[in-house]
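User: I'd like to learn how to read a structure like this one, feature by feature. Can you walk me through it?

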Amino acid sequence: MIRRTPRLFAATLAAAALALGACAEKTADAPEPGASSAGAAFPATVGDLTLEKRPEKIVSLSPSATEMLFAIGAGKQVAAADNNSNYPAEAPKSDLSGFQPNAEAIAAKSPDLVVLSNDTNKIVDQLTTLKIPVLLTPAATTLEDTYRQITDLGTLTGHATEAADVTTRMKDEIAKLTKDLPQRSKKLTYYHELGPELYSVTSKTFIGSIYALAGLENIADPSDADGKNGGYPQLSQEVIVKANPDFVFLADTKCCQQSADTVKARTGWAGITAVKNNQVVALDDDIASRWGPRVVDLLRAVVDAVARVPA
């Protein structure tokens, strides 16, 4: 696992930086890998991209897109995934990079579709020149972006019906998770940690929007009120301690081995409400940095934590 600076995390969201624990892992409800929607229509078009036939050698250079492809039953059509695509376990992880994509290395896989999350080094033009079809799936800023990307991938891979099923399940799960949230006279506050350097996210980011669904207030918002940090400000210990958040959510447990104990050991943090009340929540770094179907798991972790605090 690589250590993430805020720029790298933003790139992770933008290039690859919030797919379904609960939904994708319910294999009984999921489509059979490689199965295609009945009557899947080709040519298939999404935006300016038209595929004459179903792609059978997809290269995914986005962990979020990889998770989406497997969730909709297109996993067997994925010939190679980037070096950060570690979920699901059967994803064909390779040494291809989504951060520094190399057209020659990609072309060597003979893909009939490449899925990217950013256009680093004008890779889209390079691949287009090589007559390799490319779908750009930028970092989501809303859940609607996630649903649209799943739908688009379903259309282009011949799994439109399965993609619709995935988005429906996601929406249903999210509705269930948020339906009975306790009514509080004052919102609970939180700090979401991207790394021990104290980079965080604001409510204007995709991750921030998930916390908003759980009714939480973000202590990082004032630190990027002008938007100059793109929603990923670096906070100071003093700012966090003064804000005294009710929750600390750690998205750096794998990359940086952060935990409730390491947080408590920081200067001045032992007195924070989140620490005193054992409300430091360890998240799965990958789930907390991708926008695929497992975003449902992120919301569930947040809602479960909130539910343990008396209204």
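**Reading the model, feature by feature**

Analyst: Let's start with two aromatic residues: Y191 and W269 are both buried. Keep in mind that this is a predicted model.

User: What kind of ring pair do Y191 and W269 make?

Analyst: For ring pairs, look at the distance between centres and the angle between planes; planes over 60 degrees apart count as edge-to-face. There are five aromatic pairs in the structure. For Y191 and W269 the ring centres are 6.0 Å apart and the planes meet at 70°, so this pair is edge-to-face. Y191 belongs to strand 7, while W269 is in the loop between helix 10 (260-264) and helix 11 (273-276), so the pair ties together parts that are 78 residues apart in sequence. Ring pairs also link Y190, Y211, F247 and F249 into a cluster.

User: Which charged residue sits over the ring of W269?

Analyst: That's R266, whose charged end is 4.6 Å from the ring centre of W269. Another case is R294, which lies over the face of Y87 at 3.6 Å from the ring centre.

User: How do I read the sheet with strand 7 in it, and which strands are at its edges?

Analyst: Read off the strand order, then the direction of pairing. Here four strands form an open sheet in the order 8-7-9-10, with parallel pairing. The edges are strand 8 (217-218) and strand 10 (280-282), each pairing on one side only. Strand 9 (residues 247-250) pairs with strand 10 over three bridges, in the parallel sense. F249, for instance, has V281 as its bridge partner in strand 10.

User: How can I check the length of helix 6?

Analyst: Compare the expected span with the distance between the end C-alpha atoms. Helix 6 (residues 143-157) has 15 residues and should span 21 Å at 1.5 Å a residue; its end C-alpha atoms are 21 Å apart, so the two agree.

User: And which way do side chains point along a helix?

Analyst: An α-helix has 3.6 residues a turn, so residues three or four places apart point the same way. In helix 6 the buried residues include L143, Y147, I150 and L153. Just after helix 6, G158 takes a positive phi of about 85°.

User: Where else is phi positive, in residues that are not glycine?

Analyst: Most residues other than glycine have a negative phi, and most peptide bonds are trans. K131 has a positive phi of about 65°, and L198 has one of about 75°. K131 is in the loop between helix 5 (123-129) and strand 6 (134-136), whereas L198 is in the loop between strand 7 and helix 8.

User: Are K131 and L198 buried or exposed?

Analyst: The cut-offs are under 20% relative accessible area for buried and over 50% for exposed. K131 has 75%, so it is exposed; L198 has 7%, so it counts as buried.

User: Which peptide bonds are cis?

Analyst: Look for omega values around zero. The bond from F42 to P43 is cis, with omega near 5°, and a cis bond with omega of about -5° joins Y87 and P88. P43 lies in the loop between helix 2 (21-25) and strand 1 (44-46), and P88 in the loop between strand 4 (78-81) and helix 4 (103-107).

User: How many disulfides are there?

Analyst: Zero, from a search of the whole structure. As for cysteines, C255 counts as buried at 9% relative accessibility, and C256 counts as buried at 7%.

Key. Residues numbered from 1 in each chain as written. Predicted model: local features only at pLDDT ≥ 70, side-chain atom pairs only at ≥ 80, totals over all residues. Heavy atoms only, no water. Pairing = 2+ DSSP bridges. Helix = DSSP H or I, 4+ residues; strand = E, 2+ residues; numbered from the N terminus. Expected span 1.5 Å × (residues − 1). Buried < 20%, exposed > 50% of the residue type's maximum accessible area, 1.4 Å probe, protein only. Phe/Tyr/Trp six-rings, centres within 6.5 Å; stacked < 30°, edge-to-face > 60°. Lys NZ or Arg CZ within 6 Å of the ring centre and 35° of its normal. Disulfide = S-S within 2.5 Å.
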